[in-house]
Amino acid sequence: MYRDDTQKVLETKNGEIKACYDGILKGQPGVGGKVTVKFEVEEDTGKIKNVTVDQPNTNAPAPVGECVKKSLEGLAINPPDARLGQGAFVYEFSQPPAGPAMAPPKS
């Protein structure tokens, strides 16, 4: 149950993370990869803290990892647990494939 609660809270930031990633794509088309983050969940408050990008398990460029890290800091899981929690989560990023090229109309 705790894992599911954590995932639900992290997913509330999916829109913000996607918007940040889309901004990166404008300057670096095709950039993508995997971002793994590690974090702690504060006892008694459920606040997510000490979010770090797990570099050995991340292959996306640093700006993508920063999007994730920045978005998750300060979230809180309810109900909080009486013990300090540790977690990790993986995000996959890939640019949507381009649609088929349209042929010009025949005259």
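Valine 35 is where I should like to begin. In this predicted model, valine 35 is buried, with a relative accessible area of 0%. The residue belongs to strand S1. Leaving aside residues up to four places away in sequence, valine 35 touches Val53, Thr58, Ala60, Val64, Gly65, Val68, Phe89, Val90, Tyr91 and Phe93. Lysine 69 is 34 residues from valine 35 in sequence, and the two C-alpha atoms are 9.5 Å apart in space.

Let me now place that residue in the chain as a whole. The secondary structure comes to three helices and three strands. Read from the N terminus, the order of these elements is α-α-β-β-α-β. The protein chain has 107 residues, of which 32% count as buried. Its accessible surface comes to about 7,100 Å², and carbon and sulfur atoms account for 54% of that surface. As to contacts in the chain between residues at least 6 apart in sequence, 75% of them join residues at least 24 apart.

I turn to the helix pair H2 and H3. Two packed helices are described by the angle between their axes and the distance between the axes. Helix H2 covers residues 14–27 and helix H3 covers residues 62–72; their axes come within 9 Å and cross at roughly 155 degrees. An angle over 145 degrees counts as roughly antiparallel, and H2 and H3 are therefore roughly antiparallel to each other. The crossing of H2 past H3 is right-handed. On the H2 side, the contact is made by Glu16, Ile17, Cys20, Tyr21 and Ile24. On the H3 side, the contributing residues are Pro63, Val64, Cys67, Val68, Ser71 and Leu72. By character, the residues of this contact divide into nine nonpolar, one polar and one charged. Two of the H3 residues in that contact, Val64 and Val68, are also among the residues that valine 35 touches.

Next, the loop between H3 and strand S3, the latter spanning residues 85–93. Three residues there deserve comment.

Glutamate 73 is found in this loop, between H3 and S3. It is partly exposed, with a relative accessible area of 44%. Beyond residues up to four places away in sequence, glutamate 73 touches Ile48 and Val51. Its C-alpha atom is separated by 9.0 Å from that of phenylalanine 39, and these two residues are 34 residues apart along the chain.

Isoleucine 77 also has its place in the loop between H3 and S3. Is isoleucine 77 buried or exposed? At 1% relative accessibility, isoleucine 77 counts as buried. With residues up to four places away in sequence not counted, isoleucine 77 touches Tyr2, Asp5, Thr6, Val9, Val41, Thr45, Gly46 and Ile48. One of these, isoleucine 48, is 29 residues away in sequence, with a C-alpha to C-alpha distance of 7.5 Å. Ile48 is thus a contact listed for isoleucine 77 and also for glutamate 73.

Proline 79 is the third residue, likewise placed in the loop between H3 and S3. A cis peptide bond joins asparagine 78 and proline 79, with omega at about 0 degrees.

I should also like to draw attention to the backbone of two further residues.

The first is aspartate 44, in the loop between strand S1, residues 33–41, and strand S2, residues 48–53. Phi of aspartate 44 is near 70 degrees, a positive value in a residue other than glycine. With a relative accessible area of 58%, aspartate 44 is exposed. Which residues does aspartate 44 touch, not counting those up to four places away in sequence? They are Pro80, Asp81 and Ala82. Aspartate 81 is 37 residues from aspartate 44 in sequence, and 5.7 Å from it in space, C-alpha to C-alpha.

The second is asparagine 50, found in strand S2. Here too phi is positive in a residue other than glycine, with a value near 50 degrees. Asparagine 50 counts as partly exposed, at 49% relative accessibility.

To close, I return to two residues. Valine 35, in strand S1, is buried at a relative accessible area of 0%. Aspartate 44, in the loop between S1 and S2, is exposed at 58%.

Terms used: Residues numbered from 1 in each chain as written. Predicted model: local features only at pLDDT ≥ 70, side-chain atom pairs only at ≥ 80, totals over all residues. Heavy atoms only, no water. Axes fitted to C-alpha atoms, helices over the stretch in contact; angles between N-to-C directions. Helix = DSSP H or I, 4+ residues; strand = E, 2+ residues; numbered from the N terminus. Parallel < 35°, antiparallel > 145°, perpendicular 65-115°, else oblique. Left-handed = near helix turned anticlockwise from the far one by under 90°. Contact = heavy atoms within 4.5 Å. Nonpolar A, V, L, I, M, F, W, Y, C, P; charged D, E, K, R; others polar. Buried < 20%, exposed > 50% of the residue type's maximum accessible area, 1.4 Å probe, protein only. Areas by Shrake-Rupley, 256 points an atom, 1.4 Å probe, with all protein chains shown as cover.
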